[in-house]
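The following note is addressed to a first-year student who has the model open on the screen. Please read each point with the structure in view.

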Amino acid sequence: MSADPPDAGPAPDAFSDVFRVYEVRREGDTIHYYGAPLADYQTLMREVWPRFENSGYDVQLEERTGEYVLVATPEREAGFPTTNLVLFMLTVLSTLYAGTGWYYVQDVLSPELLRALPFTLGVLGVLGTHELGHYVLSKYHDVDASLPYFIPVPTLFGTMGALIRMKGQIPDRKALFDIGVAGPLAGLAATVVVGTAGLLLPPLQVPDYILNAPASDLVEIEFHYPLLLEGLSWLLDTPLHYPNDPAVVANPLVIAAWIGAFITVLNLIPVGQLDGGHILRAMLGPTHERVAPLVPFALFGLAGGLYVLTDAGQAVFLWVLWGFIAAYMAFRGSAVPLDDGPLDRRRLAVGAFTFLVGALCFVPVPVTIG
């Protein structure tokens, strides 16, 4: 085995005080430094990261078959975001298709399809604003982040959200907090804007072919609105639904706002790589590792309570599914910043406020389809 310096990347002696290298291997453009850590994770990464970054490499500490290895991959030049653009265009199409149902468009292959454009703008506006919040704060803290990847799905809503990819190390808990909290707060602001527009715009008239159709031919969809939208409805003195007039329904932008609120709730689940996990990890520090395993049990408990007390089988399935997702994320762990110093009181207050407003978006049974 050899610890000779690689052709590129830092020499092992450059960080020998925190990681003793006994073998260096190259696989394509990737360099593997096998060795023994001489410091804790934060100290080690805080020391080695600048050296690799100056050489044009990202670096991660991994454990492979009982051996520790620093895996250095070259930083790629940012090219044209083809994948991002293709996914965005597909999501435009999928949300337009979903919106045709809310606008009662019968011929989806005609120009009438464009009647659903407000719904598409509302949904993508909320999702895009959310991800833009993450992106801007990532750049502010010099954390490499991709453009948003939208997720098109031709369902009732046309999408399963969007995400950005962060590469490299989070420098400190302030950066972790700022990046994590920026998305939900920006998305909530956009949700309020879209919800206000939806409430102020005229409601839709249900066409006669729907009103006169046999009940067996229809799929009934009932949205249960969170306190955030109920409060907005009260402030604007405009109803979210019209129970006494089946021929009138709220403007589909209200549904776009509901989607924004629902996605905010899911993102604020305080575990793993979700926004809520980043925020709580930054607020609590390593103590978060004792809190995160409780989250799946809370979701399973919610599902169990709904199963016993209601007949909301779809909601039971939803929270069981997210219980398993949260369990997996808790097992994988949250992001660990290089500097684990505590947050200031202002950020702690903002974090508490974010979870409080997020709670106003929560509904145990979000939607009933029957």
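**Notes on the predicted model**

1. E112 is partly exposed, with a relative accessible area of 30%. Its salt-bridge partner is R115, and the closest N and O atoms of the two are 3.1 Å apart. R115 is partly exposed as well, at a relative accessible area of 38%. As a general remark, side chains of opposite charge can pair when their charged atoms come close. Please bear in mind throughout that this is a predicted model.

2. A search of the whole structure finds nine salt bridges. One of them joins the side chains of R64 and E62, with an N to O distance of 2.9 Å. R64 counts as partly exposed at 30% relative accessibility, and E62 is likewise partly exposed, with a relative accessible area of 31%.

3. Which parts of the chain does the salt bridge between D340 and R173 link? The side chains of these two residues meet at 3.7 Å, N to O. The pair links distant parts of the chain, 167 residues apart: D340 belongs to the loop between α11 (313-332) and α12 (345-359), while R173 is in helix α4 (residues 173-200). R173 is buried, because its relative accessible area is 7% and the limit for a buried residue is under 20%. R281 also takes part, since R173, R281 and D340 are linked in a network of salt bridges.

4. The chain as a whole may now be considered. Its secondary structure comes to 12 helices and 12 strands. The C-alpha trace spans about 80 × 45 × 35 Å along its principal axes. Of the 370 residues in the chain, 47% are buried. The exposed area is about 18,900 Å², of which carbon and sulfur atoms supply 63%. Among contacts with a separation of 6 or more, 67% are between residues 24 or more positions apart.

5. An open sheet deserves attention. Four strands form this sheet in the order β1-β2-β4-β3, and their pairing is antiparallel. β1 (19-27) and β3 (57-64) each have a single partner strand because they stand at the edges, so one side of each is left without a neighbour in the sheet. On average, neighbouring strands are turned by 25° against each other, direction ignored. In general, strands of a sheet pair through backbone hydrogen bonds, either parallel or antiparallel.

6. Strand β2 (residues 30-37) and strand β4 (residues 67-74) pair in the antiparallel sense over five bridges. At one position to inspect, I31 stands opposite A72 in β4. Helix α1 (residues 41-54) packs on the sheet and touches β1, β2, β3 and β4. The direction of helix α1 makes about 140° with that of β3.

7. The loop between β2 and α1 contains D40. D40 is partly exposed, with a relative accessible area of 43%. Although D40 and V18 are 22 residues apart in sequence, their C-alpha atoms are 8.6 Å apart in space. For another pair, L294 and V206, the separation is 88 residues in sequence and 45 Å in space, C-alpha to C-alpha. L294 is found in helix α10 (residues 294-309) and is exposed, with a relative accessible area of 55%.

8. Is S94, in helix α2, buried or exposed? S94 is buried, with a relative accessible area of 7%. Not counting residues up to four places away in sequence, S94 touches P152, V153, P154 and G158. L85 also lies in helix α2 (residues 82-102), but L85 is partly exposed, with a relative accessible area of 40%. Together with F80, F88 and M89, L85 makes a nonpolar surface patch of about 410 Å².

9. Two backbone angles should be checked. Most residues other than glycine have a negative phi. Y104, however, has a positive phi of about 60° although it is not a glycine. Y104 lies in the loop between α2 and α3 (117-140) and counts as buried at 19% relative accessibility. D237, also not a glycine, has a positive phi of about 55°. D237 lies in the loop between α6 (227-236) and β11 (248-249) and is exposed, with a relative accessible area of 70%.

How values were computed: Residues numbered from 1 in each chain as written. Heavy atoms only, no water. Pairing = 2+ DSSP bridges. Helix = DSSP H or I, 4+ residues; strand = E, 2+ residues; numbered from the N terminus. Axes fitted to C-alpha atoms, helices over the stretch in contact; angles between N-to-C directions. Contact = heavy atoms within 4.5 Å. Patch = residues over 30% accessible without salt bridge, like charges linked within 9 Å, V, L, I, M, F, W, Y side chains within 5 Å. Areas by Shrake-Rupley, 256 points an atom, 1.4 Å probe, with all protein chains shown as cover. Salt bridge = Lys/Arg side-chain N within 4 Å of Asp/Glu carboxyl O. Buried < 20%, exposed > 50% of the residue type's maximum accessible area, 1.4 Å probe, protein only.
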